[in-house]
Amino acid sequence: VMMQGEQADQLLIKTVELAALAGAKVKTASWHGVNDNAVLGKLAGYSKLFPQAKFICIVRDPRAAMISAWHHNQRVEPDFLKRAQSLENWASLIGKDWQTNMTVLETLKQTLISEGRLHVVKYEELVDRLIPTLGELFDFVGVDSSEATIDEVARENQIDRLKGNPFFRKGKSNGWKDEMSIEISSRVQAGANPLMAQYGYL
């Protein structure tokens, strides 16, 4: 059955709402949400479909994102290397993809921030200054941002406590420097360069 227009929108809204509720798990949660990297590329549509929603965008150095995705996808996707073709090709693809997504963000950022619906945070800030960054995030969402709550969340999410989870690898902000040649780094930068400097990555 093909659905279009309003019908398709309503189906998407209901699907996202159900996914958010399922992810919340705790029935008393005051906020629930969806963690999906694909939302950024469709941010304009999502912001219209969910006019009361708030969005948190975590921006990461594309070189770090590239090497992280390279290792992660090899673990979870059996045919990933066939799709990626090579590390060099993957670096070029990620650079271009990062630039495309960040261009979408830049187009919508000022409007959504002025409406109090978007908070942009750098991954590196979550690693290097976790406590104040969590405080800013909690204030944005409108949940308890007391020192005790922030300390508990920070403690429960220390990288050492997450080592058993295959999703987490190193948890470093500049770990890519130890794993990437100048050639590979240049391939990422070739695609992402215009906005990397704006976000302090160059």
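Strands β1 (residues 55-59) and β2 (residues 118-122) run parallel and are joined by 5 bridges; strands are DSSP runs of E of at least two residues, helices are runs of H or I of at least four residues, and both are numbered from the N terminus. Two strands are taken to pair if DSSP finds at least two bridges between them. The model is predicted, with local features requiring pLDDT of at least 70 and side-chain atom pairs counted only at pLDDT 80 or more, whereas totals for chains, interfaces and linings use all residues. Residues are numbered from 1 along each chain as its sequence is written, and side-chain values use heavy atoms, with hydrogens and water left out.

Within the pairing, Ile-58 stands opposite Val-121 of β2. In a regular strand the side chains alternate between the two faces of the sheet. Along β1, Phe-55, Cys-57 and Val-59 point to one face and are buried, that is, under 20% relative accessible area (exposed being over 50% and partly exposed in between; 1.4 Å probe, protein chains only). Ile-56 and Ile-58 point to the other face and are not buried.

Arg-117 is located in the loop between α5 (87-114) and β2. This residue is buried, with a relative accessible area of 11%. Its side chain makes polar contacts, defined as pairs of N or O atoms within 3.5 Å in which, within protein, one atom must be able to donate a hydrogen and the other to accept it, residues adjacent in sequence counting only if both atoms are side-chain atoms. The side chain of Arg-117 reaches the backbone oxygen of Pro-51 at 3.4 Å, and a polar atom of that side chain lies 3.1 Å from the backbone oxygen of Ala-53. Residues in contact with Arg-117 (heavy atoms within 4.5 Å), not counting those up to four places away in sequence, include Phe-55, Leu-112 and Phe-140.

Phe-140 is one of the buried residues of helix α7, which also include Thr-133, Leu-134, Gly-135, Leu-137, Phe-138 and Val-141. Their cover includes β1, β2, α6 (123-128) and α8 (147-156). Helix α7 (residues 130-141) has 12 residues and an expected span of 16 Å, in agreement with the 16 Å between its end C-alpha atoms; the expectation is 1.5 Å times one less than the number of residues. Gly-142, with a positive phi near 95°, follows α7.

Overall, the protein chain comprises 9 helices and 2 strands, in the order α-α-β-α-α-α-β-α-α-α-α. Of its 202 residues, 33% are buried.
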